[in-house]
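The following exercises are to be worked with the sequence and the model at hand. Each task is followed by a solution in steps.

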Amino acid sequence: MLTPLFCHWHNESPEERKNRHQEAIARLELNKNKVIPMFDEATQISARVLNAPICILGILHGEEYNFKSGFGVANFGFNSELIRSRKIPKEDSFATYVIDSKKPLKIENTLKDSFFFQNVLVQHHQIKAYLGVPLITAEGECIGCLEIFDLESRPFSDEQIEYFSLTARWCIAEYERDFLINNAQPPQNISYESNINQLSSSLQTVSDHNLDYQSTYSINLRIKLVNQLIQKISLPLTSVIGMSSVLKQGIYGKINEKQLEYLNIIYDSGQEITALLDEITSLGVIENNKNLELSLVDIEIIAGQITQSLQISAQNKQCSLRISLEPGEKLWYLDREKIKQTIYYLVTTIIETARPGGNIQVHFSHQQSEIKITTIIKHPWLGDGIPYEKTESYLKAIQRYYDTDKKNKSEEQIKSYLDEIKTYSYDMITLLFSCYLAKLQQGNIKLKGTPELGYRFEVNIPTTPHHLESH
């Protein structure tokens, strides 16, 4: 086979990429020596389903590729150093190429592969076939690999690769969710509990400090309860998604057309619920504008995550969703969670109001000191732009939000605005929440256009591109 060349296309130095990789591993505490049950389950199930003698889940830590879980490693040879140390130098590992490219790698016959033939795993451990898929975190960082090795050459079907990739996504997602649940202080030191005081303080300001202890205690309990319920829902939901995916691939037997239709509905619904739960959870990381967590953000990765999260919602409205980026700089200093949620909830607003058959387009562009995101709906026979019956209410709501945000508002004016919010529909709430998030980043959201040409949303967020950042 022809083995592709793997190279870094990112606009960053190898040292910067290495540091970002190591930070992701440290943040999830994968640099510690501990047993991780879902990793063991992933290697055992994969080895059994794919009929492979060896299955390994490893993490690339510095110059070494460490085995976090291994099934059948004795097949490397009882005297093998791999068994004793449970690690291999980076340059000797097949996984390095998977991690660099963030794509699956299959080698059906290593003895006929001119690129990998001289590898130590082939020459010293008689590995004849290999399949590896990347382990990618929720932030888009590839930290390791799930891989199988065979002592005989063999083909790998597209269905097998898809199943293996799903297993990799499942186990890293399960680990991240479990990690957040079991750590009182998440990586960014943010939790629902950390926002209780901010929420209580805001309510006290609105009510002129008349919020009593019982109300504060009630808010505390409700936030904690929501957090716990999300945790309880997410665990069985992951099983539903994983099992339905395995069944619809026919791994355990043939299924008819109607069964496949229902399994696809179960799988897609599970994915949509998971995306919604993730967004509910991520609401806990919102802070005020004095505490922006600026970091180097790859806009292309953010765009991909938003597309993946909302694609099913768009399909359910019989709409297509496309996110495009202006060529050029992709790395910017932004608050990762806030920029992601700003666009997520704005696109949610558009999906909610879109008519069937519409094409929702989101375009990222940049100027010297800001990111601009333009969203528009195109329809083949109903014309372009947000539905006309929504534009007036959106314009008034955005204007009202920025007016109400000004200082010197009386308690009566604030109470009137809060009462008005109670009447808002879901799409109006998501729109105003996007406005709030944009303001936290010192940006804004505007509704631009004309009745003839249609209206579109435009988001402007001040930032600094990577290549202009002073050191």
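A residue is called buried when its relative accessible area is under 20%, exposed when over 50%, and partly exposed in between (1.4 Å probe, protein chains only). The model is a predicted one, in which local features need pLDDT of at least 70 and side-chain atom pairs count only at pLDDT 80 or more, while totals for chains, interfaces and linings use all residues. Residues are numbered from 1 along each chain as its sequence is written, and side-chain values use heavy atoms, with hydrogens and water left out.

**Exercise 1. Determine how far helix α11 is enclosed, and test its length.**

Step 1. Helices (H or I, at least four residues) and strands (E, at least two) are DSSP runs, numbered from the N terminus. Helix α11 comprises residues 336-353.

Step 2. Of the 18 residues of α11, 17 are buried, so the helix is largely enclosed by the rest of the structure.

Step 3. The expected span is 1.5 Å times one less than the number of residues. For α11 this gives 26 Å, and the end C-alpha atoms lie 27 Å apart, which agrees.

**Exercise 2. Give the strand order of the open five-stranded sheet and identify its edges.**

Step 1. Two strands pair if DSSP finds at least two bridges between them. The order is β8-β10-β11-β13-β12, and the pairing is mixed.

Step 2. β8 (320-325) and β12 (444-450) each have a single partner strand, so they stand at the edges with one side left without a neighbour in the sheet.

Step 3. From one strand to the next, the twist averages 20 degrees.

Step 4. Six bridges join β8 to β10 (residues 359-366) in the parallel sense; R322 has Q361 of β10 as its bridge partner.

Step 5. Contact means heavy atoms within 4.5 Å. Axes are lines fitted to C-alpha atoms, for helices over the stretch in contact, and angles run from 0 to 180 degrees between N-to-C directions. Helix α10 (residues 299-316) lies across β8, β10 and β11 (370-378), at about 175 degrees to β8.

**Exercise 3. Trace the pairing of β1, β2 and β3.**

Step 1. β1 (residues 54-61) and β2 (residues 64-71) run antiparallel and are joined by seven bridges, with H61 opposite E64.

Step 2. Two residues separate β1 and β2 in a hairpin, and G62 in the turn has a positive phi of about 65 degrees.

Step 3. β2 also pairs with β3 (residues 87-89), antiparallel over three bridges; here E64 faces P89.

**Exercise 4. Classify two aromatic pairs and locate their members.**

Step 1. Rings of Phe, Tyr and Trp (its six-membered ring) pair if their centres lie within 6.5 Å; planes under 30 degrees apart count as stacked, over 60 as edge-to-face and the rest as tilted. The count is 13 aromatic pairs.

Step 2. F39 and Y175 have ring centres 5.5 Å apart and planes at 35 degrees, so this pair is tilted. F39 belongs to helix α2 (residues 37-49) and Y175 to helix α6 (residues 158-182), 136 residues apart. Both F39 and Y175 are buried.

Step 3. For Y394 and F457 the centres are 5.9 Å apart and the planes at 40 degrees, so this pair is tilted. Y394 is in helix α12 (residues 388-404) and F457 in strand β13 (residues 454-462), so the pair ties together parts 63 residues apart in sequence. Y394 and F457 are both buried.
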